[in-house]
Amino acid sequence: MLAATYTDWYIGLALAFFVIVVVVIIVAIVLTLAARIADQAGGALEGVDKVRAQTTSLADGVDRVNDSAVRILHMARTLRKVAVGK
């Protein structure tokens, strides 16, 4: 009877050890993936900064293009009125 009690303990300890090993493996995988994501996020941040710098320099150019387009539209309307006679 005493041997059966110890056998249950050994089975329980073996299962606990197995569960702990599986949890440690899962945590190691998660930490590895988190490190990869952190590396990629750093690269993405550099890319976003480059895009921001490039688009900021275009702000004045876009305003000038919009102003020119409005002037061209007004001139086209004026020319159409002159051509049609209205």
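These legends accompany several views of a predicted model of a protein chain.

**View 1. The whole chain, with two helices and zero strands.** The radius of gyration is 36 Å, well over the 12 Å that the globule rule gives for 86 residues, so the protein chain is more spread out than a compact globule. If you like to think in box dimensions, the C-alpha trace spans about 115 × 30 × 10 Å along its principal axes.

**View 2. The surface of the protein chain, about 7900 Å² of it accessible.** Carbon and sulfur atoms account for 72% of that accessible surface. How much of the chain is buried? Buried residues make up 0% of the 86 residues.

**View 3. Charged side chains, 9 positive and 7 negative.** Take the centre of the positive set and the centre of the negative set, and you will find them 24 Å apart.

**View 4. A nonpolar patch on the surface.** Welcome to a group made of F18, V19, V22, V23, I26, V27, V30 and L31. Together these residues have about 720 Å² of accessible area. One of them, V30, is found in helix α1, which covers residues 2–57.

**View 5. A closer look at V23 in helix α1.** Is V23 buried, partly exposed or exposed? Its relative accessibility is 45%, and because buried means under 20% and exposed means over 50%, V23 counts as partly exposed. V23 also belongs to the nonpolar patch of the previous view. For a sense of distance, look along to W9: the two residues are 14 residues apart along the chain, and their C-alpha atoms are separated by 21 Å.

Definitions and conventions. Residues are numbered from 1 along each chain as its sequence is written. This is a predicted model: local features need pLDDT of at least 70, side-chain atom pairs count only at pLDDT 80 or more; totals for chains, interfaces and linings use all residues. Side-chain values use heavy atoms; hydrogens and water are left out. Helices (H or I, at least four residues) and strands (E, at least two) are DSSP runs, numbered from the N terminus. The radius of gyration is taken over C-alpha atoms; the globule rule is 2.2 Å times the number of residues to the power 0.38. Buried means under 20% relative accessible area, exposed over 50%, partly exposed in between (1.4 Å probe, protein chains only). Accessible areas come from the Shrake-Rupley method with a 1.4 Å probe; for residues, only the protein chains shown count as cover. Lys and Arg count as positive and Asp and Glu as negative; His and the chain ends are not counted. The place of a charge is taken as NZ of Lys, CZ of Arg, CG of Asp or CD of Glu. Patches are made of residues with over 30% relative accessible area and no salt bridge: like charges are joined within 9 Å, nonpolar side chains (Val, Leu, Ile, Met, Phe, Trp, Tyr) within 5 Å. A salt bridge is a side-chain nitrogen of Lys or Arg within 4 Å of a carboxyl oxygen of Asp or Glu.
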